[in-house]
Amino acid sequence: MAQNYKDELSGVETTGHEWDGLRELNNPLPKWWLYLFYVCIAWSLVYYVLYPAWPLGKTYTKGILGYSQREELDTKMAAAKAGQAKYLTAIAAKSVDEIQKDKDLLGFAMAGGRSYFNENCAACHGAGGQGAKGFPTLADDVWLWGGSASDIYRTIQHGIRSDDGDTRGTPNVGMTAFGKDGILTREQIDQVTDYVLSLNGKSTDATKVAAGKTVYDENCAACHGDQAQGAVAAGVDGVGAPPLKQANWLYGGDKAALVETVTNGRAGVMPAWSKRLDDATMKSLAVYVHNLGGGK
């Protein structure tokens, strides 16, 4: 059984605990620490009475003050919405071009548009609008459906090849699958992709390029243009065919990627956001995207 001893040097009695000849002194806690501890206990008891504290099944003690963080948040949110209301009403009433010319509305739309973009668009187009394979960059000057603020607004509203009645392009109909549908042979696909590569300085096979140009003129020029300049459907319905004479490729611009594109076609779809977002939100998004750096 452990025995208590009085330490000879300090004069303090030990607790009776001993480890390898070392005895634990039974020093009392400092009085300031004890007083602070008692104050904390007293404060906690007061807090339990004044504020919500103890769970009671499906409810909880409400406290004398009846304070609720949820109600406080609701109050702050209501106040924030009331402060935003005049701007949102003005944005909904004006065109995107008019919003761009109003300094106060532009600042509000840009701030809101950034938030809406991160919530709804960044998953596909990237946080900074940099795009990804199959999802276009929104910070450059290539706009298949028009890059003005009003064009972007219309695209956001009705989508691209979506089920909206006013969608850009034909719903669920994209580029023809020339190989899959048996329109072109493998040799013709090989030739026309070499022709496209030659437009970008990546092919020097003169025989293939010459044959590929014939294939291109007969099958591709109607959409992509006789000079491969593309067809931007700005403000009107159209095919939105990309230019092929630049290093900006949505699905890749090497030989293998081009062969896959010509063989199986492409049919990117963007949803019509008018079914999910209100008008002020879509206009704020259009203004924000237009100002990312590549808007016309």
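Visitor: How do α7 and α8 sit relative to each other: roughly parallel or roughly perpendicular?
Guide: Bear in mind that this is a predicted model. The axes of α7 (residues 186-199) and α8 (residues 206-219) come within 7 Å and cross at roughly 100 degrees. Angles of 65 to 115 degrees count as roughly perpendicular, so α7 and α8 are roughly perpendicular.

Visitor: In the contact of α7 with α8, how many residues are nonpolar?
Guide: From α7 come residues including V192 and Y195, while α8 brings V209, A211, V215 and Y216 among others. Charged residues take part too, among them D190 and K208. The split is four charged, four polar and, for the nonpolar ones you asked about, six.

Visitor: Which element gives the most to the largest nonpolar core?
Guide: That core has 28 residues, and F117, I156 and L285 touch the most other members. Two or more residues each come from α3 (96-101), α4 (103-120), α6 (149-158) and α11 (279-290). With seven residues, the top giver is α11.

Visitor: How many residues are in the other core?
Guide: Let's start from F117, which touches L138, L285, Y288 and V289, among others, leaving out residues up to four places away in sequence. Apart from the largest core lies another one, with L197, Y216, L244 and L258 among its members. Its count of residues is 16.

Visitor: Which residue in the turn between β1 and β2 has a positive phi?
Guide: β1 (residues 14-19) and β2 (residues 22-25) pair in the antiparallel sense over three bridges, with T14 opposite L25. They make a hairpin with two residues between the strands. The one with a positive phi, about 50 degrees, is D20.

Key: Residues numbered from 1 in each chain as written. Predicted model: local features only at pLDDT ≥ 70, side-chain atom pairs only at ≥ 80, totals over all residues. Heavy atoms only, no water. Core = buried A, V, L, I, M, F, W, Y, C linked by side-chain atoms within 4.5 Å. Buried < 20%, exposed > 50% of the residue type's maximum accessible area, 1.4 Å probe, protein only. Helix = DSSP H or I, 4+ residues; strand = E, 2+ residues; numbered from the N terminus. Contact = heavy atoms within 4.5 Å. Pairing = 2+ DSSP bridges. Axes fitted to C-alpha atoms, helices over the stretch in contact; angles between N-to-C directions. Parallel < 35°, antiparallel > 145°, perpendicular 65-115°, else oblique. Nonpolar A, V, L, I, M, F, W, Y, C, P; charged D, E, K, R; others polar.
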